[in-house]
Amino acid sequence: MIVTLIVAAEISWWIVLGLALSARYLLRWQRTSTVLLLGLPAVDLALYALTVLNLRGGAEASWVHALAASYAGFSVGYGPSLVRWADRHFPHRFAGGPKPLPSPKYGPERTRYEWQVAGRTVVSAAITLSLITLLVPLSAGSAHYATFAQWYWKLGIAAVVNLVVAGCFSLWPKEAPEGVRVENGRVVAEEKAPADRL
């Protein structure tokens, strides 16, 4: 049942986002779009509430319940960036908007980007672990901390790895290769080497 709810929540989240962007860029209904976007967190809260109810109904706690909580945590940490990504690509694809810029690849802009990713991961991990921990007192005795112990390790390691990667980019910024012209961390031109003269 929980797996079905997770799949349904994932599909619902993207459907609501698609409707919000369609209302904004195709129909020009700004208020409707805003209301739909505000409804995205409701999908996550509904999934978590149903997970708690499932446990309180006597279901045996398992990794699937933790996965449902991690879905909500991921949406909190990465949801805003996913919405911004879709908000850039949708008008380009369907409404004649400009082509969105790619993520920066070099220089301090790439370092800043890596720290943003690390920050989202840390937030996602913290929210997820908080929600998983809350499952224990909210489950009316159906869940125990030991059931979810592996999630603390996995999410903790994921957060640390992202922080280490961002730290490495701070210590050793990625520089553009020779012959590549970069603006704001993005490649704008590649200079071709002149052909050898005979």
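These are my notes on the pockets, the nonpolar cores and three single residues of this structure, which is a predicted model.

**Entry 1: largest pocket**

I started with the open space. The largest pocket holds about 480 Å³. I listed its lining and got 17 residues, with Arg88, Ser103, Tyr113, Gln116 and Arg120 nearest the centre. Next I asked which helices each supply at least two residues of that lining. They are helix H4, running 63-94, and helix H5, running 107-138. H4 has the largest share, at seven residues. By type, I noted seven nonpolar, six charged and four polar residues in the lining.

**Entry 2: second largest pocket**

I then went to the next pocket down. The second largest pocket comes out at about 220 Å³. Its lining has 15 residues, and Pro41, Asp44, Ala72, Ser75 and Val76 sit nearest the centre. Two or more lining residues come from each of helix H3 (40-56), H4 and H5. Again I checked who gives the most, and for this second largest pocket the answer is H4, with six residues. How does this lining divide into nonpolar, polar and charged? I wrote down 12 nonpolar residues, two polar and one charged.

**Entry 3: nonpolar cores**

Now the packing. The largest nonpolar core contains 20 residues, and I marked Trp13, Leu17, Leu40 and Leu47 as having the most contacts inside it. Helix H1 (2-25), H3 and H4 each give this core two or more residues. H1 makes the largest contribution to this core, 10 residues. I picked Leu17 for a closer look. Leaving out residues up to four places away in sequence, Leu17 touches Leu37, Leu40, Val83 and Ala86. There is also a second, separate core, with 18 residues, Leu55, Ala61, Ala125 and Leu131 among them.

**Entry 4: Thr121**

I found Thr121 in helix H5. Is Thr121 buried or exposed? Thr121 has 9% relative accessibility, so I put this residue down as buried. I looked for a polar partner and found one in Tyr78: the two side chains make a polar contact at 2.5 Å. Tyr78 also turns up among the residues that Thr121 touches, along with Ala158, Ala159 and Asn162, once residues up to four places away in sequence are set aside.

**Entry 5: Ala69**

Ala69 belongs to helix H4. I logged Ala69 as buried because its relative accessible area is 0%. With residues up to four places away in sequence left out, I read off Tyr48, Thr128, Leu131, Ile132 and Leu135 as the residues that Ala69 touches. Leu131 is also in my note on the second core. I took one distance too: Ala69 and Ala20 are 25 Å apart, C-alpha to C-alpha, with their positions 49 residues apart in sequence.

**Entry 6: Pro104**

Last stop, a loop. Pro104 lies between H4 and H5, in the loop that joins that pair. I expected to have to check how buried this one is: Pro104 has 11% relative accessibility and therefore counts as buried. Which residues does Pro104 touch, not counting those up to four places away in sequence? I noted Glu109, Arg110, Tyr113, Asn184, Gly185 and Arg186. Tyr113 was already in my book as one of the residues nearest the centre of the largest pocket. For a distance, I took Pro104 to Val123: they are 19 residues apart along the chain, and their C-alpha atoms are separated by 22 Å.

Conventions: Residues are numbered from 1 along each chain as its sequence is written. This is a predicted model: local features need pLDDT of at least 70, side-chain atom pairs count only at pLDDT 80 or more; totals for chains, interfaces and linings use all residues. Side-chain values use heavy atoms; hydrogens and water are left out. On a 1 Å grid over the protein atoms alone, a cavity is a set of points where a 1.4 Å probe fits but cannot get out, and a pocket is an open set with protein on both sides within 12 Å along at least five of seven lines; lining residues have an atom within 4 Å of a point. Grid points are joined across faces, edges and corners, and a volume is the space filled by probe spheres set on the points. Helices (H or I, at least four residues) and strands (E, at least two) are DSSP runs, numbered from the N terminus. Ala, Val, Leu, Ile, Met, Phe, Trp, Tyr, Cys and Pro count as nonpolar, Asp, Glu, Lys and Arg as charged, and the others, Gly among them, as polar. A nonpolar core is a set of buried Ala, Val, Leu, Ile, Met, Phe, Trp, Tyr and Cys residues joined through side-chain atoms within 4.5 Å. Buried means under 20% relative accessible area, exposed over 50%, partly exposed in between (1.4 Å probe, protein chains only). Contact means heavy atoms within 4.5 Å. A polar contact is a pair of N or O atoms within 3.5 Å; within protein, one must be able to donate a hydrogen and the other to accept it, and residues adjacent in sequence count only if both atoms are side-chain atoms.
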